Structures are given as structure tokens and as C-alpha cells.
Amino acid sequence: MFRHLVVLFVTVFALSATADAQQLTDVVHLKNGSVVNGIIIEQIPNETIKLQLRDGRVLVIEMSEIDRIVKEPVNAIVQQLAGQRVRVTLNDSRTTGRISGIYADGFDLVTAGNMSGRYYVKDINRLERSRGMERNVGKGLLIGCGVGTALVVLTFADDVDTGKAWVGLVTLGNLVGALPGLAVGYMVKSESWEDIPVAGMGGVSFRPTIDVKYDRGGNHGIFVGGRIRF
């Protein structure tokens, strides 16, 4: 029994140590002011180090170029986004790119022009992850209904004098615009984004949500709502 307890203790300790190690990154500060982070996989004293980046690449850095090397904990949520396409919103700007280096208080973002910049979590108002290109069925439906209703009302408004007639007019406008709106929304794709809540992120944001769910079994519906983040 005692031996089993010892084995269990050693196993738990090893797993804990592994988990802690995964939350640390080697941050290499170069003498030219650049900063590179990853995991040191080989080090030759007074000569070179091999640093494996999160995208799998390995850099060989001369010790003479290094100012200092430190270990820093990484943000667990941001760590999961390494290499992914994200959109960062600050107070006065919005930038899209892929996350490269990750630190305790922020990350590096590489844009389409291969320009790199560092962003600190405390300065970010909103962080979104790309879900890829999606069809705009829900938006197309709502816009089509709106445009169809506007056209029908402008065309027949002078002939309508009762509340019931107005209801019929609006319904007709929805029917007129729904199909073209669905068709356009189905054909037009745009990049879809998902909000990523990160501890320490500042600001307040509201994101309206419009979606249409349908399947071959005949189940369908329109969902309208929103998300508020403080």
C-alpha cells in the first residue's frame, strides 16, 4: 500500500511539473533590442543556443548576440491561439494577423505585410479569432427583408389607410425581399470572427449576433442576440 502511495505521489508530481513547464517560455533578449521566445532545446556554453519557436522552426543564436535569457509564464488562453489568425481592437485601431511570440502580459502579432508588433493584454479592448470564411445567410435574409419592405411600403404607402393593411404590406415586403436576400447571402462569403475572453483585457464591448440554423431534417430558425463583455 505504501509503495502504491509513493508511486501515485511521484506520478502526480511529474504531471504537475510537466504542466508547469508547458506554461513557461524561454525569452531571449538580443543586444540589438530584438526579443525572441520559444523553448531552448540545445545550448553550447559560450557558443550557441537552439531555440524552437511555437511554429516548429528552430533558430540558432550566437551567445555573443544575446543580452539575457529569462523564463516567463505565458497567458494560458493566448497560448492556445499561437499561430492562429486573430483580430485585435485597441481604442483607436484594429489590426489583423497571426500570433507568434507569447508572453505573460501579451503577444507578438505578424500582419499580412510580414510586419511584427507587440500587443499587451491590458491595452486590448477586443480579441477575436478567425473562424474562416462563412456564408452570410442570416445577414442576407435580414437585409433582404428590410430592403423588400422598404420598396413595397414606398410603392403602396399612399393606398394604405388601416393597420391591418399596413401589416399585410410589411409581410409582403418581407416575402419579396427574403428570397433574394437569402440567395445573395448564400453566395457572398466573409470572414467570421469569434470573441476570445482573456483575463486582464480592458474595455467594454457589445457584439450583435444574427444566425440562421437549418438542416435537412426540416429544423430551422433565426437567432438574434448579442454578447456583452466587461
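What follows is a short chat about a predicted model, moving through its salt bridges, cores, helices and surface.

Visitor: How many salt bridges turn up in a search of the whole structure?
Guide: That search covers the whole predicted model. One of the hits joins D108 to R118, and another joins R126 to D195. The full tally of salt bridges is ten.

Visitor: How far apart in sequence are the parts that D108 and R118 tie together?
Guide: Their closest N and O atoms sit 2.9 Å apart. D108 belongs to strand 8 (residues 106-110) and R118 to strand 9 (residues 116-120), so the bridge ties together parts whose separation in sequence is ten residues.

Visitor: Is D108 buried or exposed?
Guide: Its partner R118 has 33% relative accessibility and counts as partly exposed. For D108 the relative accessible area is 9%, and the cut-off for buried is under 20%. That makes D108 buried.

Visitor: Which strands does the R126 and D195 pair link?
Guide: R126 forms a salt bridge with D195, with 2.9 Å between the closest N and O atoms. The pair links distant parts of the chain, 69 residues apart. R126 sits in strand 10 (residues 126-135), and D195 in strand 11 (residues 189-195), so to name them: strand 10 and strand 11.

Visitor: What are the relative accessibilities of R126 and D195?
Guide: Buried means under 20%. R126 counts as buried, and D195 is buried too. The values are 14% for R126 and 18% for D195.

Visitor: Which residues are linked with R126 and D195 in a network of salt bridges?
Guide: R126 and D195 already form a salt bridge with each other. The network holds both of them, and the other members are R87 and E128.

Visitor: How many residues apart in sequence are the parts tied together by E194 and R129?
Guide: The side chains of E194 and R129 meet in a salt bridge at 3.2 Å, N to O. E194 lies in strand 11 and R129 in strand 10, so the parts tied together are separated in sequence by 65 residues.

Visitor: Which elements give two or more residues to the largest nonpolar core?
Guide: That core has 14 residues, and V86, V88, I99, F107, L109 and L127 touch the most other members. Leaving aside neighbours within four places in sequence, L109 is in contact with residues including V86, V88 and I99. The elements giving two or more residues are strand 6 (85-89), strand 7 (94-102) and strand 8.

Visitor: How far apart are the end C-alpha atoms of helix 3?
Guide: Helix 3 runs over residues 137-156, and its buried residues include V137, L141, C145 and V152. With 20 residues at 1.5 Å a residue, the helix should span 28 Å. The end C-alpha atoms agree with that, at 28 Å.

Visitor: What is the area of the nonpolar surface patch made by V184, Y186, M187 and V188?
Guide: V184 lies in helix 4 (residues 163-187). It is partly exposed, with a relative accessible area of 46%. Together with Y186, M187 and V188, V184 makes a patch of about 410 Å².

Visitor: Which residue has a positive phi although it is not a glycine?
Guide: Look in the loop between strand 2 (35-44) and strand 3 (48-52). The residue there counts as exposed, at 75% relative accessibility. Its phi is about 65°, and the residue is N46.

Technical notes:
Residues are numbered from 1 along each chain as its sequence is written. This is a predicted model: local features need pLDDT of at least 70, side-chain atom pairs count only at pLDDT 80 or more; totals for chains, interfaces and linings use all residues. Side-chain values use heavy atoms; hydrogens and water are left out. Helices (H or I, at least four residues) and strands (E, at least two) are DSSP runs, numbered from the N terminus. The expected span of a helix is 1.5 Å times one less than its number of residues. Buried means under 20% relative accessible area, exposed over 50%, partly exposed in between (1.4 Å probe, protein chains only). Patches are made of residues with over 30% relative accessible area and no salt bridge: like charges are joined within 9 Å, nonpolar side chains (Val, Leu, Ile, Met, Phe, Trp, Tyr) within 5 Å. Accessible areas come from the Shrake-Rupley method with a 1.4 Å probe; for residues, only the protein chains shown count as cover. A salt bridge is a side-chain nitrogen of Lys or Arg within 4 Å of a carboxyl oxygen of Asp or Glu. A nonpolar core is a set of buried Ala, Val, Leu, Ile, Met, Phe, Trp, Tyr and Cys residues joined through side-chain atoms within 4.5 Å. Contact means heavy atoms within 4.5 Å.
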